[in-house]
Structures are given as structure tokens and as C-alpha cells.
Amino acid sequence: MRTENDCERLIVNGGEPLVGSVIVHGAKNAVLPMLAASVLTDEPVTVTDCPDITDVTDMAGVLSALGCRVEREGRNITVCGCCRSSEIPLALAKAIRSSVFMLGPLVSRTGEARMHAPGGCRIGARPLDIHLGGLAALGAEVSFDGDCVVCRADKLRGADIVLRYPSVGATENLVMAAVCAQGTTRIIGAAREPEIVSLVNLLRKMGAAVRGEGTPLITVEGVSGLQGAVCAPVPDRIAAGTVMAAVAVCGGRVELSGANADHLGAVISPFLGAHTFLVEHSGVLIFESDGMLSPTDIVTGPYPLFPTDMQAPFMACQCYASGMCSMRETVFEDRFAHITELRKMGAEIAVAGCTAYIDGSKGMHGAEVAASDLRGGAGLTVAALGAKGESVISGLRYIDRGYERIEELFSSLGGRVRRVRRDR
Ligand code: EPZ
């Protein structure tokens with residue numbers, strides 16, 4: 001569902017406790033690479049339990065533009081048919097960063113991939129050197145045609161690839177490039193995120209020979225071809241963490257069905273303290289808080305450390321904590337845009353390099369604020385839910401990239417949130 005969300009606003013009247021239950025659907029960051037993997041075969045590939053968000057719509061658009069047939073039935077998306085093009089259209093490449101992990105499957109399947117510099121959230125330079133270096137190691141010829149990156153290979157060959165940083169997207173790209181390469185590929189220093197495990201689950205169902213997913217060493221034995229499959233993505237741990245952040249700020253009790261506690265270790269532990277508790281009961285996570293938050297210092301990092309995608313939502317919690325605490329962002333070099341907006345709500349935040357120091361004792365009030373990236377927008381929404389008075393949040397096109405109708409999510413729990421149209 002695509003809404004004209006540039007002239008839409010969230011109107012939030014904070015201070016209500018949040019009580020109720022939510023269903024945690026498939027993770028955006030699992031569904032996107034899984035959809036990309038569908039080009040590795042002409043047979044139908046179905047990804048189930050997909051969230052209804054614009055990044056998924058845009059990825060479906062990329063696949064259609066490549067000549068694949070994309071069918072959506074409820075939350076299930078089926079991709080079939082072969083690629084008749086190997087060029088990712090400029091507009092779609094600019095729309096989503098995840099167009100970048102079309103490179104591996106496309107060059108594997110068609111012998112060529114052409115892509116303009118990908119878009120996505122402005123949270124840093126987000127270079128492609130790890131992706132392109134890995135593809136070159138597999139025998140792809142990498143060149144540039146203007147701002148278009150071109151990868152060509154008659155046949156990819158297995159190789160040892162050492163990643164200088166455990167890049168999630170590069171790990172996914174290279175696994176997908178390696179599954180039909182000639183020989184064995186070892187990805188050393190691979191990222192370990194659960195979303196990568198989800199992708200490998202699908203690839204294995206398609207006939208790929210991959211082992212070590214979720215560890216820093218992934219080994220791929222190239223096979224001659226892959227077939228269709230049906231696969232469910234892991235649940236969205238960031239969506240679950242965002243709901244927990246809102247309950248921590250507002251107080252209340254929420255049941256999160258479908259969440260996987262095994263993926264949430266580093267997210268859950270900073271929430272726990274004298275005023276909160278969490279229990280898992282037959283696959284449902286129950287999180288309760290009285291809204292009295294104690295200051296907690298956080299450092300983000302690659303999985304299994306505290307996820308960078310939870311940095312902004314958790315910083316909103318720190319703005320309500322009873323004292324000073326810090327947030328150190330080690331993954332992206334420019335992921336503090338939400339701080340300017342939080343200050344409009346009364347937040348006391350000082351920044352030194354990649355560390356923010358937050359004094360939550362001053363309290364927060366409603367304000368007019370603007371989201372400029374997906375998770376920053378989620379953080380502003382969490383902060384507004386706890387603030388006294390009315391907040392108006394713009395930039396919903398960022399929030400809608402990763403959250404399904406966020407206003408319904410929180411109003412279903414008792415939050416006073418609505419989406420309005422503002423023609424100015
Ligand atoms: C994925 O982005 C996620 N996106 C991001 O979620 C997430 O924040 C990130 O992983 C880290 O967990 C998707 O999965 C679609 P990286 P990705 O490559 O793959 C640097 C969200 O809000 N780097 O792990 O782009 C890079 O600049 C989004 O859902 C290079 O230097 O992240 C960054 O500093 C935002 N060269 C660091 O590595 C490269 O070639 C981690 O980036 C690649 C990455």
C-alpha cells in the first residue's frame with residue numbers, strides 16, 4: 001500500500017499507558033534479501049509473512065522491472081519467471097539500499113548486473129567496497145559507467161573472501177553470488193545477523209549447499225542450479241524492540257506474539273531493571289513496565305551486540321531515564337539526525353564524536369518534529385508517545401519504509417496516535 005505520505009503527519013498526544021497485544025511479522029531485513037534470492041531460479045519462490053511496508057513494495061518493483069512476475073497474496077509474495085533485464089532502474093535503486101544485494105544474484109544468474117548508486121536512509125556514506133571487492137574475488141569484472149556500477153562474469157568461481165567489516169548486505173550479496181559459483185567459497189568475517197540465517201534457510205530449501213550461517217565463517221559449495229521454494233522469514237526483532245521501547249516510555253503491558261526472544265538478547269537486557277519485567281509464555285513475549293526508566297549506557301555493534309537499528313528508539317527511552325546515560329553508535333558514522341528533533345521536545349543531549357550523552361531528568365514535551373530516516377522516525381514516535389502534550393511528526397515516508405501503519409500499531413495499544421493529511 002503506497003500512500004502520498006509526504007503531506008501526511010502523525011498527531012501524537014502522549015502520556016497514555018500502552019496495553020494489549022501485537023503480532024510481530026516477518027523482518028523487513030530478512031524479506032528483502034530473500035526476495036532478491038528469487039532471481040537465482042526461474043521456478044516460483046514464495047516468501048511468507050511479509051510486512052506491508054514500502055521497502056517491500058519497492059523491492060517487488062525492482063523484481064518486476066527485471067522481468068520477473070511478482071504476485072502478492074495477503075502477506076505471501078511469490079516471484080517467478082526469469083530476469084529479462086540485468087539493469088536495476090535508477091528510480092528504484094535510489095529508493096532502497098537493498099537494491100544493492102541484487103548484484104550478486106543477478107551477476108550469478110544472467111552474467112551481468114548494472115545498478116546506479118543505491119539510495120536508502122541517509123545514515124552515513126554507506127560505500128560498496130566490501131560488496132564489490134567480494135564479487136571481484138569471485139571472478140566478476142567490476143567497472144563503472146557514470147554512477148552506474150557494472151558487474152560482469154561468464155561464470156563465478158569460488159574463492160576465500162575476507163570481509164574487513166561484518167557487513168550484513170555484503171555477506172548476503174556474496175552468499176547469493178557464491179551458491180552457483182564453480183567450487184567452494186569461504187566468507188571469513190561474515191556478519192551473523194538472524195536475517196542472514198533466514199536467507200540461508202531459503203537458499204538451502206532452493207538446493208544451495210551453505211553452512212556456517214550465523215557464525216563468522218560461512219562456507220558455500222557451488223551447485224549447478226536452484227529450484228523454487230517456500231520459506232518464512234525470521235520475525236522482525238527491530239519492530240519488536242520498538243514496541244518494547246514505547247511500553248518502557250509510557251508504562252503498560254504488551255504481549256508480542258511471533259517475536260523470537262533468542263534474537264532479542266542484546267535488545268532486551270537494557271530494558272530490564274527494577275521497574276520492568278519480561279516473561280516468555282508459549283511463544284509469546286510479555287513485556288511490562290511502570291514507565292520509570294533507569295539510565296543505561298549503550299554501545300551499538302554487529303550482531304549479537306546491541307543493534308544500530310534500535311539506537312534511535314532506545315535513545316527515546318534514555319530521554320525519560322532518571323539521570324545521565326550515553327549512546328555510542330559504532331556502526332554508521334552519521335546516525336544521530338534524530339537528536340536535533342528530540343531536543344525540540346526538550347531532550348538534553350550533548351554529542352561528542354560518535355557518542356551522545358543524554359540527561360533524561362528534565363522531562364519531554366510535545367513538539368513539531370521531522371523524521372529524516374526510518375529508525376530515527378521510529379525514535380521520534382516513541383518519544384512523542386511519552387511526552388506531555390501534542391506532537392506533530394512529518395517524514396512519514398521514512399517511517400512507512402519499515403513499519404506497517406505505525407499509527408495503528410500504537411493506537412491499538414491505547415496510544416493517542418492518528419495520521420492526518422496536511423497539504424502544507
Ligand atoms: C543492513 O544494512 C540493514 N539493512 C540496516 O537496516 C542495518 O542498520 C545494517 O545492516 C546494520 O545492521 C538491510 O538489511 C536492508 P552494513 P547494510 O553493510 O547491509 C559499512 C534499517 O533501518 N560498509 O552491515 O547496508 C557501512 O557504511 C536499515 O532497517 C562499508 O564500509 O549495512 C556501515 O558503516 C538501516 N562498505 C557498516 O559497514 C561496504 O561495502 C555496516 O553496514 C558495506 C558496508
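**Cavities, cores and aromatic pairs**

The count of cavities of 30 Å³ or more comes to three, where a cavity is a set of points on a 1 Å grid over the protein atoms alone at which a 1.4 Å probe fits but cannot get out, and a volume is the space filled by probe spheres set on the points, which are joined across faces, edges and corners. This is a predicted model, in which local features need pLDDT of at least 70 and side-chain atom pairs count only at pLDDT 80 or more, while totals for chains, interfaces and linings use all residues. Residues are numbered from 1 along each chain as its sequence is written, and side-chain values use heavy atoms, with hydrogens and water left out.

**The largest cavity**

- The largest cavity has a volume of about 120 Å³, and among its 15 lining residues (those with an atom within 4 Å of a point) P270, F271, L293, S294 and T296 lie nearest its centre.
- Nine of the lining residues are nonpolar, six are polar and none is charged, with Ala, Val, Leu, Ile, Met, Phe, Trp, Tyr, Cys and Pro counted as nonpolar, Asp, Glu, Lys and Arg as charged, and the others, Gly among them, as polar.
- Helix α10 gives the largest share of this lining, three residues; helices (H or I, at least four residues) and strands (E, at least two) are DSSP runs numbered from the N terminus.

**Aromatic pairs**

- The whole structure holds three aromatic pairs, defined by ring centres of Phe, Tyr and Trp (its six-membered ring) within 6.5 Å, with planes under 30 degrees apart counted as stacked, over 60 as edge-to-face and the rest as tilted.
- The F271 and F287 rings have centres 5.6 Å apart and planes at 65°, so this pair is edge-to-face; it links F271, in the loop between α9 (265-268) and β16 (276-281), with F287 in strand β17 (residues 284-289), 16 residues apart.
- F271 and F314 are also edge-to-face, because their ring centres lie 5.1 Å apart with planes at 65°, and since F314 sits in helix α10 (residues 311-318), the pair ties together parts 43 residues apart in sequence.
- F271 and F314 are both buried, that is, under 20% relative accessible area (exposed is over 50%, partly exposed in between; 1.4 Å probe, protein chains only).
- F271, F287, F306 and F314 form one aromatic cluster.

**Nonpolar cores**

- The largest nonpolar core (buried Ala, Val, Leu, Ile, Met, Phe, Trp, Tyr and Cys joined through side-chain atoms within 4.5 Å) has 73 residues, of which L35, M102, L103, L135, V179 and L203 touch the most other members.
- Helix α1 (residues 28-37) supplies the largest share of this core, seven residues.
- A second, separate core of 65 residues includes L256, M345, A383 and L385.

Terms used:
On a 1 Å grid over the protein atoms alone, a cavity is a set of points where a 1.4 Å probe fits but cannot get out, and a pocket is an open set with protein on both sides within 12 Å along at least five of seven lines; lining residues have an atom within 4 Å of a point.
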